[in-house]
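Please open the model in your viewer and keep the sequence panel beside it. The tour below moves from one selection to the next and says what is to be found at each stop.

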Amino acid sequence: MSDVIARPPFDAELLPFLDALAARGPFRVTPEMLPRMRQLDVPLETLDDRLRERGLERRSTTVPGYLGDPIELAVIQRIGRTGPTTGVYTIHGGGMMFGHHLGNLESYDGWLLDHDVVLVSVDYRLAPEHPDPYPVEDCAAGLVWVAEHADELGIDPDRIVIAGQSAGAGLAAGTTLLMRDRGGPALLGQILVSPMLDDRDRTVSTQQIDGVGVADRQMTRFGWDAYLGERRGTDDVSGYAAPARATALADLPPTYIDCGSAEVFRDETVAYASGLWAAGVDAELHVWPGAFHGFTSMVPDATVSRRATTALAEWTRRLLAG
């Protein structure tokens with residue numbers, strides 16, 4: 001942890017959460033912790049009961065992933081929904097090494113209930129057991145399958161949005177680049193919330209958020225090491241694995257991209273948005289003052305969290321109205 005470099009202050013409404021977190025003592029991810037961190041926090045039966053209470057239903061299907069190996073997609077939609085609609089292809093976070101594709105589904109209720117979309121969540125394989133390119137290639141293979149089976153899923157193939165948070169947002173950005181370069185399905189939009197984009201560990205924000213906040217520099221390094229191994233920080237890393245390295249960003253879909261001013265991914269997020277603008281891409285960037293990584297889900301009632309949630313909802317309405 002650096003005790004010299006200055007950093008932006010945390011939002012006052014977010015501080016009690018951070019203080020409670022700090023009171024538990026230092027948190028460091030270890031390989032032994034990963035199996036537990038990959039588990040869903042409730043039984044599947046409980047998850048499905050909660051979905052039904054909100055008027056939603058889930059089914060799962062097995063599809064070919066990278067190299068043809070099987071991966072699972074979860075399909076969630078409103079009970080009784082019919083006809084073609086927008087598809088939202090979601091990629092979960094967790095540093096490419098933990099998390100669950102059925103976690104945090106409540107954050108998509110606005111999409112599912114207000115816009116009647118079909119949500120598809122991909123269970124991509126995780127590092128370090130499955131390092132690059134497995135995660136991004138699994139995500140790409142699942143997206144191609146969704147587009148090819150859009151009719152049976154009730155999805156309009158011309159209205160597919162890709163969305164992710166944290167590592168999931170980095171994988172979403174990499175998947176979008178792969179689809180463009182391989183002539184895959186054209187996407188209606190991409191949503192990149194606090195994206196994990198750059199393995200090189202050179203930005204000011206990585207130095208500022210080191211031993212403080214949520215998902216700090218040490219956790220980020222651990223994730224990139226799991227994903228890339230000895231290639232992390234070298235020239236032997238593609239823009240699909242670490243989208244901050246991509247040099248050609250033209251012809252990408254409209255993009256919503258945001259981060260907190262007090263999070264480790266701030267500078268790479270801002271740089272990626274600038275690259276999108278330089279390439280002529282329609283991109284909307286928000287940097288939320290005083291916000292740490294994952295603030296909207298951890299402290300959803302804070303004023304800055306409500307502002308961020310509203311901004312994404314407004315962008316969504318404009319995108320889907322087009």
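Begin by selecting residues 90-296, whose end C-alpha atoms lie 17 Å apart and which are 35% helix and 17% strand; helices (H or I, at least four residues) and strands (E, at least two) are DSSP runs, numbered from the N terminus. For this span the UniprotKB record, an unreviewed entry in UniProt, lists "domain: Alpha/beta hydrolase fold-3"; UniProt positions are given in the numbering used here, feature names are shortened, and annotations may be inferred rather than shown by experiment.

The model is predicted, so that local features need pLDDT of at least 70 and side-chain atom pairs count only at pLDDT 80 or more, while totals for chains, interfaces and linings use all residues. Residues are numbered from 1 along each chain as its sequence is written, and side-chain values use heavy atoms, with hydrogens and water left out.**Strand 4 and its partners**

Next, select strand 4 (residues 118-123), which is largely enclosed by the rest of the structure because 5 of its 6 residues are buried; buried means under 20% relative accessible area, exposed over 50%, and partly exposed in between, with a 1.4 Å probe and protein chains only. Add strand 2 (residues 70-78), which pairs with strand 4 in the antiparallel sense over 5 bridges; two strands pair if DSSP finds at least two bridges between them. Then add strand 3 (residues 85-91), which runs parallel to strand 4 and is joined to it by 4 bridges.

Which residues stand opposite Val 120 in strand 4? Val 75 is one of them, and Tyr 89 also stands opposite Val 120.

Now bring in helix 4 (residues 109-114), which together with strand 3 and strand 4 makes a right-handed β-α-β unit. To check the hand, turn the view until the strands point away from you: a crossover is right-handed if the path from the first strand over the helix to the second then runs clockwise.

**Loops around this unit**

In the loop between strand 3 and helix 4, select Asn 104, whose phi is near 60 degrees, a positive value in a residue other than glycine. Asn 104 is partly exposed, with a relative accessible area of 38%. In the loop between helix 4 and strand 4, move to Asp 116, where phi is near 55 degrees, again a positive value in a residue other than glycine.

Beyond strand 4, follow the loop that leads to helix 5 (134-148), where Pro 128 is found. The peptide bond from Ala 127 to Pro 128 is cis, with omega near 5 degrees. Pro 133 is also found in the loop between strand 4 and helix 5, and a cis peptide bond with omega of about 15 degrees joins Asp 132 to Pro 133.

**Helix 9**

Select helix 9 (residues 217-228), in which Trp 224 and Tyr 227 both lie, 3 residues apart, about one turn of the helix. An α-helix has 3.6 residues a turn, so residues three or four places apart point the same way. Trp 224 is buried, with a relative accessible area of 1%, and Tyr 227 is buried at 0%.

Thr 220 lies in helix 9 as well and is buried, with a relative accessible area of 11%. Leaving aside neighbours within four places in sequence, Thr 220 is in contact with Met 196, Ala 215, Val 264 and Phe 265, where contact means heavy atoms within 4.5 Å.

**Aromatic pairs**

Rings of Phe, Tyr and Trp (its six-membered ring) pair if their centres lie within 6.5 Å, and planes under 30 degrees apart count as stacked, over 60 as edge-to-face and the rest as tilted. By this rule the count comes to 4 aromatic pairs. One of them is the stacked pair of Phe 17 and Phe 292, at 5.6 Å centre to centre and with 15 degrees between the planes. This pair links distant parts of the chain, 275 residues apart, with Phe 17 in helix 1 (residues 15-23) and Phe 292 in the loop between strand 8 and helix 11 (295-298). Phe 17 is partly exposed, with a relative accessible area of 27%, whereas Phe 292 counts as buried at 0% relative accessibility. Trp 224 and Tyr 227 form a tilted pair, 6.1 Å centre to centre and with 45 degrees between the planes.

**Helix 10**

Finish with helix 10 (residues 266-278), which has 13 residues and reaches 18 Å from its first C-alpha to its last, close to the 18 Å expected at 1.5 Å a residue; the expected span is 1.5 Å times one less than the number of residues. Colour its buried residues, Arg 266, Glu 268, Thr 269, Tyr 272, Ala 273 and Leu 276. The buried residues of helix 10 pack against helix 7 (167-182), strand 6 (189-193), helix 8 (204-208), strand 7 (255-260) and strand 8 (283-288). Just after helix 10, the last stop is Gly 280, which takes a positive phi of about 85 degrees.
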